[in-house]
Amino acid sequence: MSQPAHPATTSSPLRPLPALIFASRWLQLPLYLGLIAAQGVYVWHFLVELWHLVEAAFGNQHALEALVHSIGYKPEAPVTSLNETVIMLVVLALIDVVMISNLLIMVIVGGYETFVSRLGLDQHPDQPEWLGHVNASVLKVKLGLSIIGISSIHLLKTFINAANYDVKVLMWQTIIHLVFLLSALAIAFTDKLLNVSQAKH
């Protein structure tokens, strides 16, 4: 004798107040769209700096002056041609833009996926590797590591151009970098403890 088929279980609709609270997550959408606009500004800045570097390599004095001004380099003698220090500072500035851009992508994609709505990228060939196991804790650790990388680039730029900075500036930048490092280690250690605690239960 055949058993009667059970009706498919469907989730009951949310009551008005919980539905409103849950829908409020979409208020974050303009914030992520704003970060995408900021990403576009960084791309434009990167292309302008790269173009100035190429022009300066071919002897364009106006482009060279723009580069020296943008990186805050103040040599004792006027810079008349592209030298190793200027190239290094410009390249570090470009790397800095790339790392901040990576940070923006992590916040935009990871934040939207975690706090707003699923992107539906499962089985997509271009799905970022880190997005498959992202959550609020993983996102915090990755953001912390990205901030350390950006701080390292800024610190390296400062030390290369140390003659134009006061000793107190150098000291405080180093201290702030160490604080970032310790904060990221503390976040990673706390996340590890939480994972171990959840695994025991």
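**H2 against H4**

I began with the handedness of the H2 and H4 pair in this predicted model. H2 passes H4 in a left-handed crossing. I then looked up the geometry. The two axes come within 10 Å and cross at roughly 165°. Angles over 145 degrees count as roughly antiparallel, so H2 is roughly antiparallel to H4. Next I sorted the residues of this contact by class. I found 21 nonpolar residues, four polar ones and one charged one.

**H4 against H5**

I moved on along the chain to helix H5, residues 136-160. How far apart are the axes of H4 and H5, and at what angle do they pack? I read 10 Å between the axes and an angle of about 165°. H4 and H5 are therefore roughly antiparallel to each other. The crossing of H4 past H5 is left-handed. By class, I count 19 nonpolar, seven polar and three charged residues in the contact of H4 with H5.

**H2 against H3**

I went back to H2, residues 29-57, and took H3, residues 61-70, as its partner. Their axes lie 8 Å apart, and the packing angle is about 130°. Is this pair oblique or roughly antiparallel? An angle of about 130° does not reach the range over 145 degrees, and H2 and H3 are therefore oblique to each other. The crossing of H2 past H3 is left-handed.

I listed the residues that meet here. From H2 come Glu49, His52, Leu53, Glu55 and Ala56. From H3 come Ala63, Leu64, Ala66, Leu67 and Ser70. The contact divides into six nonpolar, two polar and two charged residues.

**The largest nonpolar core**

I asked which residues of the core touch the most other members. The largest nonpolar core has 13 residues. Leu64, Val68, Ile71, Tyr73, Val79, Val86 and Val90 are the ones with the most contacts to other members. I also checked which helices feed this core. H2, H3 and H4 (84-116) each supply at least two residues.

Leu64 turns up twice in my notes. It belongs to the H3 side of the contact with H2, and it is among the core residues that touch the most other members.

I picked Ile71 for a closer look. I left aside its neighbours within four places in sequence. Ile71 is then in contact with Val86, Leu89, Val90 and Asn161. Val86 and Val90 are on the list of core residues with the most contacts to other members, as is Ile71.

**Leu170**

I turned to Leu170, which sits in helix H6, residues 167-200. Is Leu170 buried or exposed? Its relative accessibility is 18%. The cut-off for buried is under 20%, so Leu170 counts as buried.

I skipped residues up to four places away in sequence and looked up what Leu170 touches. The partners are Thr158, Phe159, Ala162 and Tyr165. I took the distance to one of them, Thr158. Leu170 and Thr158 are 12 residues apart in sequence, and their C-alpha atoms are 7.3 Å apart.

**The whole chain**

I closed with totals. The protein chain has six helices and zero strands. Read from the N terminus, the order of elements is α-α-α-α-α-α. Of its 201 residues, 27% are buried. Last, I checked contacts with a separation of 6 or more. Residues 24 or more positions apart account for 61% of these.

Terms used: Residues numbered from 1 in each chain as written. Predicted model: local features only at pLDDT ≥ 70, side-chain atom pairs only at ≥ 80, totals over all residues. Heavy atoms only, no water. Axes fitted to C-alpha atoms, helices over the stretch in contact; angles between N-to-C directions. Helix = DSSP H or I, 4+ residues; strand = E, 2+ residues; numbered from the N terminus. Parallel < 35°, antiparallel > 145°, perpendicular 65-115°, else oblique. Left-handed = near helix turned anticlockwise from the far one by under 90°. Contact = heavy atoms within 4.5 Å. Nonpolar A, V, L, I, M, F, W, Y, C, P; charged D, E, K, R; others polar. Core = buried A, V, L, I, M, F, W, Y, C linked by side-chain atoms within 4.5 Å. Buried < 20%, exposed > 50% of the residue type's maximum accessible area, 1.4 Å probe, protein only.
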